[in-house]
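Please walk through this structure with the model open alongside. The text takes up a few side chains, a pocket and a group of aromatic rings in turn.

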Amino acid sequence: MSWLGRRRLERRELTWLIVGLGACVLLFVFVRLAGEVTEGDTQAFDNRILQALRDPNDPSRPIGPAWLESSLLDLTAIGGPTVLFLMVLAVVGFLLLQTRYRTALFVALTTISGELINTALKHAFNRPRPSVVPHLRDVFSSSFPSGHAMESAIVYLTLGAMLMRVAERRLTKLYCLGIAVLLTILVGVSRVYLGVHYPTDVIGGWIIGFVWASICWLVAQRFEESAGIEAEKAKSG
């Protein structure tokens with residue numbers, strides 16, 4: 001193996017180590033957060049945040065101008081299952097048309113597995129939705145962790161990472177990552193503003209979404225040569 005090849009391998013292994021260590025730390029944080037949520041230790045904090053976002057004289061009215069509520073209702077939809085499903089379906093279809101079959105499978109499996117994890121966690125914790133303020137959006141499932149926050153993190157970070165692999169310039173890579181993070185943050189913030197999630201629900205969703213997207217990215221990186229993902233990238237370039 002050439003010196004350049006060894007350097008690339010060392011950088012890749014270092015990246016795996018850093019991302020893996022970060023995922024372990026975040027999982028530890030999630031376990032601690034989930035324990036405090038289950039014991040009710042975060043309830044006072046959660047309630048204060050939700051109440052601070054409402055008119056003290058009329059809790060059904062959020063603070064801020066009227067257009068803000070409308071905008072956040074639109075933003076929360078981009079983290080909903082319908083929009084995410086259509087987006088993933090469109091991306092997978094594009095990848096199939098580009099004959100990048102394994103990359104399409106990677107995106108689909110990451111999204112589907114994330115949905116299954118979210119459903120399992122919601123059933124495990126079964127936290128009731130906030131009742132301290134009226135909901136500004138209809139909700140049907142349990143509260144912790146936030147499905148919108150988690151699934152938007154998984155989908156947008158996965159797609160952002162995929163675009164970063166295609167991009168050549170560092171600035172373009174940072175742009176792709178920045179947009180993915182921004183969309184994820186906006187979705188989570190909208191859920192709290194609309195009163196359908198506690199802040200800790202959203203934080204928990206962000207953590208698990210980031211961890212799962214990172215794990216799937218590590219798996220794709222680790223087996224990219226045998227899976228043919230890198231070869232597909234070269235073929236489509």
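**Ser152, a pocket and an aromatic cluster**

In this predicted model, the side chain of Ser152 reaches the backbone oxygen of His148 at a distance of 2.7 Å. Ser152 is placed in helix 6, which spans residues 147–166. Its relative accessible area is 0%, so Ser152 is buried. Beyond the neighbours within four places in sequence, Ser152 is in contact with Gly79, Leu84, Gly147, Leu157, Thr184 and Val187.

His148, whose backbone oxygen Ser152 reaches, also belongs to the lining of the second largest pocket. This pocket holds about 400 Å³ of space. It is lined by 23 residues, and those closest to its centre are Gly80, Pro81, Ser141, His148 and Arg191. By type, the lining divides into 11 polar, 7 charged and 5 nonpolar residues. Helix 3 (66–77), helix 4 (81–97), helix 5 and helix 6 each supply at least two residues of the lining. Helix 5 gives the most, with 5 residues.

Helix 5 covers residues 101–125 and contains His123. A polar atom of the His123 side chain lies 2.8 Å from the backbone oxygen of Thr119. Is His123 buried or exposed? His123 has a relative accessibility of 65% and therefore counts as exposed, whereas Ser152 is buried. His123 and Ser142 are 19 residues apart in sequence, and their C-alpha atoms are 7.5 Å apart in space.

The aromatic rings come next. A pair of aromatic rings is described by the distance of the centres and the angle of the planes. The count of aromatic pairs comes to 3. In one pair, Phe30 and Phe144 have ring centres 5.7 Å apart and planes at 15°, so the pair is stacked. This pair links distant parts of the chain, 114 residues apart: Phe30 is in helix 1 (residues 3–39), and Phe144 is in the loop between helix 5 and helix 6. Phe30 is buried, with a relative accessible area of 7%, and Phe144 counts as buried at 0%.

Phe144 also forms an aromatic pair with Phe125, and this pair is edge-to-face, with 5.0 Å from centre to centre and 85° between the planes. Because Phe125 lies in helix 5 and Phe144 in the loop between helix 5 and helix 6, the pair ties together parts that are 19 residues apart in sequence. Phe125 has a relative accessible area of 28% and is therefore partly exposed. Together, Phe30, Phe125 and Phe144 form one aromatic cluster.

Key. Residues are numbered from 1 along each chain as its sequence is written. This is a predicted model: local features need pLDDT of at least 70, side-chain atom pairs count only at pLDDT 80 or more; totals for chains, interfaces and linings use all residues. Side-chain values use heavy atoms; hydrogens and water are left out. Helices (H or I, at least four residues) and strands (E, at least two) are DSSP runs, numbered from the N terminus. Buried means under 20% relative accessible area, exposed over 50%, partly exposed in between (1.4 Å probe, protein chains only). A polar contact is a pair of N or O atoms within 3.5 Å; within protein, one must be able to donate a hydrogen and the other to accept it, and residues adjacent in sequence count only if both atoms are side-chain atoms. On a 1 Å grid over the protein atoms alone, a cavity is a set of points where a 1.4 Å probe fits but cannot get out, and a pocket is an open set with protein on both sides within 12 Å along at least five of seven lines; lining residues have an atom within 4 Å of a point. Grid points are joined across faces, edges and corners, and a volume is the space filled by probe spheres set on the points. Ala, Val, Leu, Ile, Met, Phe, Trp, Tyr, Cys and Pro count as nonpolar, Asp, Glu, Lys and Arg as charged, and the others, Gly among them, as polar. Contact means heavy atoms within 4.5 Å. Rings of Phe, Tyr and Trp (its six-membered ring) pair if their centres lie within 6.5 Å; planes under 30 degrees apart count as stacked, over 60 as edge-to-face and the rest as tilted.
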